[in-house]
Every structure is written in structure tokens, then in C-alpha cells.
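Dear colleague,

I am handing over the structure below, and what was found in it follows underneath.

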Amino acid sequence: MDNAAIEEMFEAVGPVTIRRMFGGKGIYARGIIFALELRGDLMLKGDEESAPLLEEAGAKRWCYEGRSGKPVAMPYWTIPDEALDDPDIMAKWVRIALDAAMRVTEREAAQRR
């Protein structure tokens, strides 16, 4: 997916920055990564608050096979199907993902103190 299309999909949170990373793209707002584009799929950041909402909406968690052969679950989820055809629903999920990323960032900063 090209950067212009990604920027348009995520415009609900204001301007985004897109950086290439590990074979995909990291999508940032306010300096915080909150979404990924990997192998043509967009994924949204989830946390303990938003993950149940994403799962209930039919999103799938990104997992990969670790070195030990066991699955490793990452904190990113596919975009719920209903959002792909409705910009208003997409905007809702994009805001949820950014909120999750901000909570995680704040929690990590507090732990470092």
C-alpha cells in the first residue's frame, strides 16, 4: 500500500509519519507508533483495554513462529472488516489504536522512572 493511501486511511488522528521497518512500515502519530503495514496488511495497536474490542469485532492478532517454534503474539491486530468499507468506522478504530499506543507508552515511561 502506498503512503498516500495510508495517510488517507489514518487521517482521523491528524498527520501521520510512515517509516520503513522490518519489511513493512511503521505508522506514527504524535511520535508514537500505533499501526503497521506488513505484507500488504494494515494492523492496529492493541492493549489490554482495546484487544477485547478488536477481537469481538473479528480482528485477528498478529502472531509469528518464534525461534523455539512456539507462536509469538504481537500487540497488533488486523483491521475489523466493517471498517474497510466505512471511513467513519475506520476513524473509530484508528483512534482506539492510537489511544492504546498512548496508554502503553505512558505505562512504559512510568516503569522506567
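**The β5–β6 hairpin**

Arg61 has Trp77 of β6 as its bridge partner. This belongs to a predicted model, in which local features need pLDDT of at least 70 and side-chain atom pairs count only at pLDDT 80 or more, while totals for chains, interfaces and linings use all residues. Residues are numbered from 1 along each chain as its sequence is written, and side-chain values use heavy atoms, with hydrogens and water left out.

Strands β5 (residues 61-65) and β6 (residues 71-78) run antiparallel and are joined by four bridges; strands (E, at least two residues) and helices (H or I, at least four) are DSSP runs numbered from the N terminus, and two strands pair if DSSP finds at least two bridges between them. Five residues lie between the strands of this hairpin, where Gly69 takes a positive phi near 90°.

**Cores**

The largest nonpolar core (buried Ala, Val, Leu, Ile, Met, Phe, Trp, Tyr and Cys residues joined through side-chain atoms within 4.5 Å, buried being under 20% relative accessible area with a 1.4 Å probe, protein chains only) has 25 residues, of which Phe10, Val13, Val16, Ile27, Phe34 and Leu44 touch the most other members. Two or more residues each come from β2 (24-29), β3 (32-38), β4 (41-45), α2 (51-56) and α4 (87-112), with α4 giving the most, seven. Beyond its neighbours within four places in sequence, Leu44 is in contact (heavy atoms within 4.5 Å) with residues including Phe10, Phe34, Trp77 and Trp93. A second, separate core of five residues includes Leu36, Met43, Trp62 and Tyr76.

**Confidence**

The chain averages a pLDDT (the predictor's confidence in each residue, from 0 to 100) of 94.

Best regards

Methods
Buried < 20%, exposed > 50% of the residue type's maximum accessible area, 1.4 Å probe, protein only.
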